[in-house]
Amino acid sequence: MREIASPFSLAVCYAPYSSSGFPAHIVSNPLIEKSKIQQLIQSSQFEQACSLCSQATEQQPADAELWFLLGAIEGQLSRFDRAEVACRRALMLAPQHGGLHYNLAVTLIRQSKPDEAITSFLQAIKLHPKMTEAYCDLGNTYLSLGRLADAENQFDQALRLQPNNPTVNLGRARLKQAQGQPQQAIDAFQAILASAPGFFDASNELAGLLIDGYHFEPAKLVLQSGLEHHPRSADLRYKLGLAFSEQGETDNALIHYQAAHGLAPERDDITAACASTLSLRGDTQASNELLLKLLQANTRDPSALVTLGYLAPKLGRDAEITRLLEAHVDRDGFSDKAKSKLGFALCKLHDRAKNYDLAFARARSANQLHSQTFDPDIFAHSCERNQQFFCNTPHDPTDHGCASEKPVFVVGMPRSGTSLVEQILATHSQITGAGELKDIGLIVNQITKLSDSPDAYPQGLKTLMPDQITTLAQNYLGTLDHIATDSRYVTDKTPGNFLQLGLICHLFPNAHIIHIRRDPLDTCLSCYFHDFGGNHPYAYDLTSLGQYYRQYQLVMAGWRDLLDLKLLEIRYEDIVDDLEGKARELVTFLGLEWEPQLLNYHETQRTVSTASADQVRQPIYRGAIGRARHYEQHLAPLIEALAAK
């Protein structure tokens, strides 16, 4: 449940509803005690204030104001069960006090009792119709329950009272996000920060939204600005690490993760992020030290549990970690997203232990928790439209794009062996591996924005001037130059770029393209067992996976027949059977001299940020070939979809 803004702020809850709000006959007059309690509150000495206030309530149990104060102080100390008791005692004495109903509602929210909290918020509003914070927090409560229309109504009421209140506008921004309007939410968050630059919640949530939308540079600017106002915020520092991590800048990510860990060493999610990043950098010892701390503490944080699951083999504690994850995978209070991630981690653990039925059961449950749907007809139409445009639109390579040979695109289905091929190539002295870049997808978005065509992409490409197309290509090359200035080639191993080979040929007519193929059943099973985080909606259903794979085959056949590509196709299984032969074929394709160290690709020290990071640091192995045979009894829908005509 989303926490409501500024719960138990004494400046909000206490000051407007001081002793003047209580009927005189229920307020005793221990002026000295109350004055002392208020002094302690003002100096943030809440434990001392709580002790003194508790003594005062024992001496004056009929004083509603003392119980009111005690509830607010307990709330500041995050002892919400005690705060609830104090609020209820006060309400027995002063049932018409709106501030008490509001405070009680906040205690209930903090104890995950939203239905009871709604009743208290409504009573507070009934008694004090101009209590803006009650409308706002009630709206946030409805929002957390998915009652969007009710939330909107409460935010509207709050805005009528205080149209420029940043906390109210924060609720409206959250509502836009919940309504599936990310750009409107971004605009709303940015408007809040324009008027209230130091507003923590707006900075924190806007950055998260930008990261989710792959807008990493704007997210970093928001976070850096937020850290100027909140330099000791572990949340902002953690998200800054995440932004760098998503861009593959692992060293910078680790700097910020470790800074966040120093600020909040008790947070298991941050500890897990440090451990995972250290593992990606190949620092297994430091990673394992952090993982052991999480394991010994019997962590219950879902992200920490997932990290333990994926890195269990490095600890050599598979069985122990499997038991830990099994104890929490269906835990009440975990979101479907968290349960799904835990399920995928358990799938891999059971698969390693050769518990194939258990592995598949966990994969199936994890996939079923995703709501994404895949329409094969829409996808097929999009692919056909894309290919027809690029194959029927003549273009002169000298008139646009860039002649550079620097980009090497490694494409194919996800989980087909693209990481292995890139690792082999990146071992060569004249090649740098960039990992999975998102830049081609961003170029597609830019074409859509720049063009005046109602058909957007790809038809909108016709409306662009040659210099605009050249600029798009040069911007991509700028990314490659930033990654490796001196390398002759830089690889972009985003598998899904197979869909954009027409655009790639348009922008980079001299680019080399390496297509990796793998057994369809093995590829699709590996996709089904992998957590793509919602970015591949076809991967959560076996029939959809088969339909997507067949369309992928048609797309590649189309590009092969219709475009003039510098294209090399290699089977993953052939690399496993003949590493040297296929490595030499790759080098020859790129016009480079053979270097023997390519056979020791697993010793290359480079950060690998994909799910195959562990595999590419091992010598060649055959374990992934024919893997689907262990699961054939479960794969009928996939087999049928792959065979369909």
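**View 1. Side chains of strand E3 in the predicted model.** In this predicted model, Tyr489 and Thr491 point one way from E3, while Val490 and Asp492 point the other way, and all are buried (under 20% relative accessible area, with exposed meaning over 50% and partly exposed in between, for a 1.4 Å probe and protein chains only). In a regular strand the side chains alternate between the two faces of the sheet. Strands, like helices, are DSSP runs numbered from the N terminus, with at least two residues for a strand (E) and at least four for a helix (H or I).

**View 2. The neighbours of E3 in the sheet.** E1 is joined to strand E3 (residues 489–492) by 3 bridges, and the two run parallel; strands count as paired if DSSP finds at least two bridges between them. Proline 407 stands opposite valine 490 in E3, and aspartate 492 in E3 is the bridge partner of phenylalanine 409. E2 is likewise joined to E3 by 3 bridges, again running parallel, with isoleucine 431 opposite tyrosine 489 in E3.

**View 3. The open sheet and its edges.** The sheet is open and is formed by 5 strands in the order E2-E3-E1-E4-E5, with parallel pairing. Strand E2 (431–433) and strand E5 (566–571) stand at the edges with a single partner strand each, so one side of each is left without a neighbour in the sheet. From one strand to the next, the twist averages 25°, where axes are lines fitted to C-alpha atoms (for helices over the stretch in contact) and angles run from 0 to 180 degrees between N-to-C directions.

**View 4. Helices packed on the sheet, with threonine 479.** H25 packs on the sheet and touches E1, E2 and E3, its direction making about 100° with that of E1; contact here means heavy atoms within 4.5 Å. Helix H30 (residues 579–589) also packs on the sheet, where it touches strand E4 (512–517) and E5, and its direction makes about 175° with that of E5. Threonine 479 lies in helix H25 (residues 466–483) and counts as partly exposed because its relative accessibility is 22%. Although threonine 479 and alanine 434 are 45 residues apart in sequence, their C-alpha atoms are 9.6 Å apart in space.

**View 5. Helix H28 and its start.** Helix H28 (residues 542–562) has 21 residues and reaches 30 Å from its first C-alpha to its last, close to the 30 Å expected at 1.5 Å a residue, the expected span being 1.5 Å times one less than the number of residues. At the start of H28, a side-chain oxygen of aspartate 541 comes to within 3.1 Å of the backbone nitrogen of threonine 543. The buried residues of H28 include Leu542, Leu545, Tyr549, Tyr552, Met556 and Trp559.

**View 6. Confidence along the chain.** The protein averages a pLDDT of 89, and 91% of the residues score at least 70, pLDDT being the predictor's confidence in each residue, from 0 to 100. Among the elements, helix H1 (residues 10–13) has the lowest mean pLDDT (37), and strand E1 (residues 407–412) the highest (98). The pLDDT is below 50 over residues 1–20, a stretch with 57 contacts in the model beyond near neighbours in sequence.

**Notes to all views.** Residues are numbered from 1 along each chain as its sequence is written, and side-chain values use heavy atoms, with hydrogens and water left out. Because the model is predicted, local features need pLDDT of at least 70 and side-chain atom pairs count only at pLDDT 80 or more, whereas totals for chains, interfaces and linings use all residues.

Methods. Polar contact = N/O pair within 3.5 Å; in protein donor to acceptor, adjacent residues only side chain to side chain.
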